[in-house]
Amino acid sequence: MEFEESGIGEECGVFGCVAAGEWPTQLEVAQVLTLGLVALQHRGQESAGVVTSNGASPPIYTSHKGMGLVSSAFPPEALLKLRYGNLGICHTRYSTTGMSELQNCQPFVVDTLHGRIAVAHNGELVNSRALRKKVMRHGVGLSTCSDSELITHLLALTPPMEELDSPDWVARIKNLMSETPTSYSLLIMFKDVIYAVRDPYGNRPLCLGRLVPISRLHSSGEEDTEGWVVSSESCSFQSIGAKYYREVLPGEVVQISRHGVKSLSFVPRPEGDLPAFCIFEYVYFARPDSIFEGQMVYTVRQRCGRQLAIEAPTDVDLVSTVPESATPAALGYAQQSGLPYTEVLCKNRYVGRTFIQPNTRLRQLGVAKKFGVLTDNFAGKRVVLIDDSIVRGNTISPIIKLLREAGATEVHIRVASPPIKFPCYMGINIPTKEELIANKPEFKDIAGHIGADSVKYLTVEGLLSAVQEGVTSFQEENNSKRVGHCTACLTGKYPVELEW
């Protein structure tokens, strides 16, 4: 819950769709794109954009961008403008680089020597400063601070071995991947295909789905394919009538066309380096019904709760949570400890963190505006409250006070992730090192600082164990025995050397 209150968020979500079969298609590609983006709204709320193409030669691109949520950025007249597309890509943004302005909204579209391309990007390049200088040395001006515009221009540069009259997009993509090791998941639209690309470390997620007739959505047999979709998260598939197909693997370049999905190439990591999928996708960022590495996020969060109960048991009467991202972990904690799970707070979903608090009295009532207390469930009892994080430490304290005033005799805090101690340079907006409570003197007595009877965190080893328990079968299916996750914000061990 405190991730939300601290302004920690994902950089963005990407989504793409290609209609199968004959074109012009009967599939409403623009609506599929918009609905897919709505399902990724938790990954970014600042702006949204979509670009569609008729896939002709030369193609006609149509785009629309807007600030705010997808529902407000795409009015009905915008969808009408996009309705003739046979394929398209879209993007929802939470900025970590670049200001929150319409000019930074993706996808970016540029003209190249061989035609127009559109690019959508999730992540943050660890060596963007050096790459910006390289692009500018080629006489290319950059109009935004976004890494995504930088990637678009790097793709537009002709690689040394390319023939002048035949663009080799796989070579261009591999050239880009050799220039920057991480962090990116990319969608690149050119003429009648979409290229889906994931960096060699697999730091940001990307998966493929197959659009099927609604009547066959829940069948297990072979279905007619109406189209192919690609998304940051598989949670977007159900709402558009798509079935999960597979992940784009780390370092893989996949071509998506009307004829299907084809793996074109792999770019390996340096020898000895492990994959580095962001572990906080499991902890907080992803929607609980998404699938990563062959396992559902909800199940992983439950395992985190069970591991937390093993590492940090407590003598209380009931287990609860701050609604609602930590609920799976709280259920796991309750199951492992044999304690009842009981709701102690109800959330007012219509009070956002941007609500204006004009005076001291309203500011002091801030948490009471957002949460109501279910007093009958816990008055006179000892409560252990499971949360997914304590980032700055200024959000959980008023909640503890609220529960005590409502009759809780004890309030213990258990956190289903380790303390965050380091900033992220790969696409997650984390406060500076100095702002993190784990780096402050108060952390030595954090229970006293926030007013709890006790506070304990899941260990890094416990988190890795909970996450990697379900990865084994996925690795075997993909002929890989190497498992790795990025824990840089917890340990300070970054998967690659950073640009300073």
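This is a short talk about one sheet, two helices packed on it, and some salt bridges in a predicted model.

Okay, let's start with the sheet. It's an open one with six strands, and going across you read β6-β7-β8-β9-β13-β14, with antiparallel pairing. The edges are β6, residues 108–112, and β14, residues 260–266; each has a single partner strand, so one side of each has no neighbour in the sheet. On average, neighbouring strands are turned by 25 degrees against each other, ignoring direction.

If you want a spot to look at, try β9 and β13. Strand β9 covers residues 193–198, strand β13 covers 252–257, and the two pair antiparallel over four bridges. V197 sits opposite V253 in β13 there.

Now the helices. Helix α6, residues 147–156, packs on the sheet and touches β6, β7 and β8, with its direction at about 140 degrees to that of β7. Helix α7, residues 169–179, also packs on the sheet, touching β6, β7, β8, β9, β13 and β14. The direction of α7 makes about 25 degrees with that of β9.

So how many residues of α6 are buried? It's 10 of the 10, so the helix is largely enclosed by the rest of the structure. That includes some charged and polar names, among them D147, E149 and H153. What do the buried residues of α6 pack against? That would be β6, β7, α5, α7 and β8. And at the start of α6, a side-chain oxygen of S146 comes to within 3.0 Å of the backbone nitrogen of S148.

On to salt bridges: the structure holds 15 of them. I'll pick out three.

One is E179 with K134, where the closest N and O atoms are 2.1 Å apart. E179 is in helix α7 and K134 in helix α5, 45 residues apart, so this pair links distant parts of the chain. E179 is partly exposed, at 25% relative accessible area, and K134 is partly exposed at 25% too.

Next, R198 and E247 meet at 3.4 Å, N to O. R198 is in strand β9 and E247 in strand β12, 49 residues apart. Buried or exposed? R198 is buried, with a relative accessible area of 3%, and E247 counts as buried at 6%.

Then there's E281 with R204, at 3.1 Å between the closest N and O atoms. E281 is in helix α8, while R204 is in the loop between β9 and β10, 77 residues apart. E281 counts as buried at 0% relative accessibility, and R204 is buried at 0% as well. Both belong to a network of salt bridges that links R43, R204, E233 and E281.

Methods: Residues are numbered from 1 along each chain as its sequence is written. This is a predicted model: local features need pLDDT of at least 70, side-chain atom pairs count only at pLDDT 80 or more; totals for chains, interfaces and linings use all residues. Side-chain values use heavy atoms; hydrogens and water are left out. Two strands pair if DSSP finds at least two bridges between them. Axes are lines fitted to C-alpha atoms, for helices over the stretch in contact, and angles run from 0 to 180 degrees between N-to-C directions. Contact means heavy atoms within 4.5 Å. Buried means under 20% relative accessible area, exposed over 50%, partly exposed in between (1.4 Å probe, protein chains only). A polar contact is a pair of N or O atoms within 3.5 Å; within protein, one must be able to donate a hydrogen and the other to accept it, and residues adjacent in sequence count only if both atoms are side-chain atoms. A salt bridge is a side-chain nitrogen of Lys or Arg within 4 Å of a carboxyl oxygen of Asp or Glu.
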